[in-house]
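This report describes a single chain, from its salt bridges to its sheet and overall dimensions. Please keep the sequence and the structure in view while reading.

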Amino acid sequence: MENNEKTPSEERGLIEGRNAVQEALRAGKVPEKLYVQEGLRDPAIGAIISSSKKKDAVISYVKKQLLDQMSETGKHQGVILQCAAYNYSELEDIFSLAEKKGEKPFIILLDEIEDPHNLGAIIRTANICGAHGVIISRHHAAGLTSTVVKASAGAINYTPVVKVTNIGKTIDELKKRGLWFACADMDGEVMYRTDLTGPIGLVIGNEGKGVSRLVREKCDYIVSIPMRGEIESLNASVAAGVLAYEILRQREGR
């Protein structure tokens with residue numbers, strides 16, 4: 001009987017070894033990040049790096065010990081490729097979905113969310129709250145790994161996810177298309193007092209650092225979630241859910 005079970009590396013979207021990585025790139029796999037052993041400079045590695053860059057993969061030069069820890073087979077040959085488990089969408093897909101539903105665009109933008117479980121949960125929340133898409137950053141952020149797909153509980157099939165190089169520049173582009181932007185921050189105006197009914201982009205920041213200063217400065221509103229306990233912050237995916245539901249509540253006039 002054929003064994004169709006995946007190894008732990010495959011479940012994480014990791015492809016090990018030079019030939020396997022080259023074949024994956026030729027076959028059209030969507031690369032997220034290429035891990036290369038420091039000091040390797042041979043033609044085969046150079047070709048893999050070149051092909052990965054053409055597909056917008058992030059190149060990370062790391063020590064052999066880290067590759068050894070990541071490797072399931074023990075035969076990484078100095079290179080491990082992290083692939084997306086799901087294809088990314090384009091910005092136009094988000095606007096097309098909003099137009100199809102006859103609704104004002106509602107987009108969730110994630111400024112360097114690193115935890116794949118958070119990303120998956122936010123995609124799930126986006127779908128349930130009626131957001132037309134999620135935008136994630138290319139650098140220092142989780143991509144569409146199998147963990148993210150699983151955590152989305154199927155929402156990834158209905159909610160476009162777009163990966164961009166620069167969240168700030170993307171906000172500038174979307175402002176030209178009529179969107180206003182609300183950024184989550186503890187020092188902001190309480191969300192109930194902010195009008196979030198129009199074409200809106202909700203910006204959620206990194207789990208530890210929050211929204212970066214440059215991105216924050218581009219937002220039209222700084223909004224906060226009322227808190228009554230001793231703990232002063234929420235998990236990023238929970239904060240995204242609370243604010244997304246406030247947008248939904250306001251849109252429905254409740």
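## Salt bridges within helices

A salt bridge here is a side-chain nitrogen of Lys or Arg within 4 Å of a carboxyl oxygen of Asp or Glu. The model is predicted, and 12 such pairs are found in the structure. Three of them are described below, beginning with Arg 26 and Glu 23, whose closest N and O atoms are 2.6 Å apart. Both residues belong to helix 2, which covers residues 18-26, and they sit 3 residues apart, or about one turn of the helix. Arg 26 has a relative accessibility of 59% and therefore counts as exposed, because the cut-off for that class is over 50%. Glu 23, at 47%, counts as partly exposed.

Helix 4 (residues 64-70) holds another pair, Lys 64 and Asp 68, which are 4 residues apart, about one turn of the helix. The closest N and O atoms of this salt bridge are 3.0 Å apart. Lys 64 is partly exposed at 40% relative accessibility, and Asp 68 is partly exposed at 38%. In helix 9 (residues 213-218), Arg 213 and Glu 217 are likewise placed 4 residues apart, about one turn of the helix. Their salt bridge has its closest N and O atoms at 3.1 Å, and both residues are exposed.

## A four-stranded sheet

An open sheet is formed by 4 strands in the order 1-4-2-3, with mixed pairing. At its edges are strand 1 (14-16) and strand 3 (58-62), each of which pairs on one side only. Neighbouring strands in this sheet are turned against each other by 20° on average, direction ignored.

The mixed character can be followed from strand 2 (residues 31-37). With strand 3, strand 2 pairs in the parallel sense over 5 bridges. Lys 33 has Val 58 of strand 3 as its bridge partner, and Gln 37 has Val 62 of strand 3. With strand 4, strand 2 runs antiparallel, and 5 bridges join the two. Leu 34 is bridged there to Leu 81 of strand 4.

Helix 3 (residues 43-54) packs on this sheet and touches strand 2, strand 3 and strand 4 (79-83). The direction of helix 3 makes about 155° with that of strand 2.

## Leu 34 and the cover of strand 2

How many residues of strand 2 are buried? Strand 2 is mostly covered, with 6 of its 7 residues buried. In a regular strand, side chains alternate between the two faces of the sheet.

Leu 34 is a residue of strand 2. Its relative accessibility is 0%, so Leu 34 counts as buried, the cut-off being under 20%. Beyond its neighbours within four places in sequence, Leu 34 is in contact with Val 21, Ile 48, Ile 49, Ser 52, Val 58, Ile 59, Ser 60, Val 79, Ile 80 and Leu 81. Among these, Leu 81 is also the bridge partner of Leu 34 in strand 4. A further position for orientation is Glu 72, which is 38 residues from Leu 34 in sequence and 16 Å from it in space, C-alpha to C-alpha.

## The chain as a whole

The chain has 10 helices and 10 strands. Its C-alpha atoms fill a box of roughly 60 × 40 × 40 Å along the principal axes. For 254 residues, a compact globule would have a radius of gyration near 18 Å, and the 20 Å of this chain agrees with that.

Of the 254 residues, 46% count as buried. The exposed surface of the chain is about 13600 Å², of which carbon and sulfur atoms supply 48%. Among contacts with a separation of 6 or more, 82% are between residues 24 or more positions apart.

Notes:
Residues are numbered from 1 along each chain as its sequence is written. This is a predicted model: local features need pLDDT of at least 70, side-chain atom pairs count only at pLDDT 80 or more; totals for chains, interfaces and linings use all residues. Side-chain values use heavy atoms; hydrogens and water are left out. Two strands pair if DSSP finds at least two bridges between them. Axes are lines fitted to C-alpha atoms, for helices over the stretch in contact, and angles run from 0 to 180 degrees between N-to-C directions. Contact means heavy atoms within 4.5 Å. Buried means under 20% relative accessible area, exposed over 50%, partly exposed in between (1.4 Å probe, protein chains only). The radius of gyration is taken over C-alpha atoms; the globule rule is 2.2 Å times the number of residues to the power 0.38. Accessible areas come from the Shrake-Rupley method with a 1.4 Å probe; for residues, only the protein chains shown count as cover.
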